[in-house]
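Work through the exercises below with the model open. Try each task before you read its solution.

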Amino acid sequence: MAEWWSNIPAFERIFWYFALPFTVVLILQLILTFIGLEWHDGGFEASHGLDAGHETDFQAGFRLFTLRNFIIFFTGFGWAGLFAIHAGFGQTVTILFAFLVGLFLMFAVAGMFYLMTRLTQSGNINLSNAAHSSGRVYLPIPGNRSGMGQVQITVQGAIREVDAMTDGEPLPTGTPIQVTEVLNEEVLIVKKN
């Protein structure tokens, strides 16, 4: 092993110095991530999924300069440099090639996490999206806004039971309705459809 290392030219050794330690760190980081530990502010802490309550890469959007991305950059830089040396590239081309591969990997991972943030959604229902939608009466609605009943409607792709009133005559269970107004994001004003 020592003989093999001593026979490596100094220029190639530089890339081994990047490739080996950063690959080990990357593998450790992946293993810790898979078992539920993440690196935050100088220490590891347990991850509780995407809703952990603290800012993670998933919640922060596009972040290029993170510890993870630097590790990926230097891992790619090291291995791409070694590849370029063994492919017969000159020293300048090797450094440029290694830098571009490292930069590409860094942007690719940052972009991947950014796209993952766009896939998440809050899951909150905004009742203003229910305006002009139709559904059915779930619990009878007294007439002339004299009391509250419930309707079953589809809001943001989910079926919900929502409190409702009507300006017209009483609406019995099963009556088809249309939402005419949303009051205070809580109560729907409906009419017979």
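**Exercise 1. Burial and surface**

Of the 193 residues of the protein, what percentage count as buried?

Solution. Start with the ground rules. This is a predicted model, in which local features need pLDDT of at least 70, side-chain atom pairs count only at pLDDT 80 or more, and totals for chains, interfaces and linings use all residues. Residues are numbered from 1 along each chain as its sequence is written, and side-chain values use heavy atoms, with hydrogens and water left out.

Buried means under 20% relative accessible area, with a 1.4 Å probe and protein chains only. By that cut-off, 33% of the 193 residues are buried. Next, the accessible surface, from the Shrake-Rupley method with a 1.4 Å probe. The total is about 12100 Å², and carbon and sulfur atoms hold 62% of it.

**Exercise 2. Fold order**

Give the order of helices and strands from the N terminus.

Solution. Use DSSP runs: helices are H or I, at least four residues; strands are E, at least two; both are numbered from the N terminus. The protein has five helices and seven strands. Their order is α-α-β-β-α-α-α-β-β-β-β-β.

**Exercise 3. Annotated spans**

Compare the UniProt annotation "transmembrane region" with the model.

Solution. The unreviewed UniProt entry places it at residues 14-37, 70-89 and 95-115. Such annotations may be inferred rather than shown by experiment. Take residues 70-89: 85% helix, 0% strand, end C-alpha atoms 25 Å apart. Then residues 95-115: 100% helix, 0% strand, end C-alpha atoms 30 Å apart.

**Exercise 4. Nonpolar cores**

Locate the largest nonpolar core and the elements that build it.

Solution. A nonpolar core is a set of buried Ala, Val, Leu, Ile, Met, Phe, Trp, Tyr and Cys residues joined through side-chain atoms within 4.5 Å. The largest has 14 residues; Ile141, Val151, Ile153, Ile177, Leu188 and Val190 have the most contacts inside it. Two or more residues each come from strand 4 (149-155), strand 5 (158-166), strand 6 (176-183) and strand 7 (187-192). Strand 4 gives the most, three residues.

Now probe Ile141. Contact means heavy atoms within 4.5 Å. Beyond neighbours within four places in sequence, the partners of Ile141 include Val151, Met165, Leu171 and Val190. A second, separate core has 13 residues, among them Ile8, Phe11, Phe73 and Ala110.

**Exercise 5. Thr23**

Which residues does Thr23 touch, not counting those up to four places away in sequence?

Solution. First, place Thr23: helix 2, residues 10-34. Its partners are Thr75 and Trp79. Last, check the backbone: the oxygen of Ala19 lies 2.4 Å from a polar side-chain atom of Thr23.

How values were computed: Buried means under 20% relative accessible area, exposed over 50%, partly exposed in between (1.4 Å probe, protein chains only). A polar contact is a pair of N or O atoms within 3.5 Å; within protein, one must be able to donate a hydrogen and the other to accept it, and residues adjacent in sequence count only if both atoms are side-chain atoms.
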